[in-house]
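Thank you for sending this model for comment. My remarks follow as numbered points, beginning with one side chain and working outwards.

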Amino acid sequence: MGSEEVNIIIFLDKDPARAALQFQRMNLFDQNRTIWIQSAKEAISIIREYRGKIDIVSLGYDLTDLEYNHPARADNGLEVVRVLEKEDTKLYKDVRFIVHSWNTQQGNKMSRRLAAAGFRVLNRPFGS
């Protein structure tokens, strides 16, 4: 009997407490296939590395301790969206994107842009 490959879940968020809470809310199967990432650069790398082997990408926006993280910066969740907008959406047809940011304005922007690019996306602020 061969072993089947299991698709991963990517959780992008800077907050270790939020990542731990998300992990606790998951069943054991999902816990074992989740990768927690804290930077946009690493998220982009992991998304590309595991392309075709991803079930869910959950994105936060604010990834720094800055009071105001300008959308043009490369160290927020919107950077991941900008990169994905340039990708072929067919490569991610089975991926569900969840924007879990509490930053309503930027979270909505991320969701709208992902949807406009043809990705399956759900805007669900963390804990709602």
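**Notes on a predicted model**

1. Leaving aside residues up to four places away in sequence, Arg48 touches Val83 and Glu87. The coordinates come from a predicted model, and what follows should be read with that in mind. Arg48 itself lies in helix H3, and the C-alpha atom of Arg48 is separated by 13 Å from that of Ile9, a residue 39 places away along the chain.

2. With Glu87, the contact is a salt bridge between the side chains, with an N to O distance of 3.2 Å. This pair links distant parts of the chain, since Arg48 belongs to helix H3 while Glu87 sits in the loop between H4 and strand S4 (96–99), 39 residues apart. The two partners should be described separately as regards exposure: Arg48 has a relative accessible area of 43% and is therefore partly exposed, whereas Glu87, at 16%, falls under the 20% cut-off and so counts as buried.

3. How do the helices H3 and H4 meet? The axes of H3 (residues 40–49) and H4 (residues 77–85) come within 8 Å and cross at roughly 35 degrees, and H3 passes H4 in a right-handed crossing. On the H3 side the contact is made by Ala40, Ala43, Ile44, Ile47 and Arg48, and on the H4 side by Glu79, Val80, Val83 and Leu84. By class, this contact has seven nonpolar residues, two charged residues and no polar ones.

4. A second salt bridge worth inspecting joins the side chains of Arg113 and Glu85, at 2.7 Å from N to O. Here too the pair links distant parts of the chain, with Arg113 in helix H5 (residues 104–116) and Glu85 in helix H4, 28 residues apart. Both partners are partly exposed, because the relative accessible area is 28% for Arg113 and 30% for Glu85, values that lie between the 20% and 50% cut-offs.

5. The side chains of Asp94 and Lys93 also meet in a salt bridge, at 3.3 Å from N to O. Asp94 is exposed, with a relative accessible area of 53%, and Lys93 is likewise exposed, with 55%. Elsewhere, salt bridges that share partners join Asp13, Asp15 and Arg18 into one network. The count for the model comes to 11 salt bridges. As general background, side chains of opposite charge can pair when their charged atoms come close.

6. Turning to the sheet, five strands form an open arrangement in the order S2-S1-S3-S4-S5, with parallel pairing. Strand S2 (34–37) and strand S5 (120–123) stand at the edges, and because each has a single partner strand, one side of each is left without a neighbour in the sheet. Neighbouring strands are turned by 15 degrees against each other on average, with direction ignored.

7. Which residue in S2 is the bridge partner of Phe11? That partner is Trp36, and in total four bridges join strand S1 (residues 8–12) to S2, the two running parallel. H3 lies across S1, S2 and strand S3 (54–59), and runs at about 165 degrees to S1. The helix that carries Arg48 is thus in contact with the sheet as well as with H4, and a description of H3 should cover both.

Key: Residues are numbered from 1 along each chain as its sequence is written. This is a predicted model: local features need pLDDT of at least 70, side-chain atom pairs count only at pLDDT 80 or more; totals for chains, interfaces and linings use all residues. Side-chain values use heavy atoms; hydrogens and water are left out. Axes are lines fitted to C-alpha atoms, for helices over the stretch in contact, and angles run from 0 to 180 degrees between N-to-C directions. A crossing is left-handed if the near helix is turned anticlockwise from the far one by less than a right angle, and right-handed if clockwise. Contact means heavy atoms within 4.5 Å. Ala, Val, Leu, Ile, Met, Phe, Trp, Tyr, Cys and Pro count as nonpolar, Asp, Glu, Lys and Arg as charged, and the others, Gly among them, as polar. A salt bridge is a side-chain nitrogen of Lys or Arg within 4 Å of a carboxyl oxygen of Asp or Glu. Buried means under 20% relative accessible area, exposed over 50%, partly exposed in between (1.4 Å probe, protein chains only). Two strands pair if DSSP finds at least two bridges between them.
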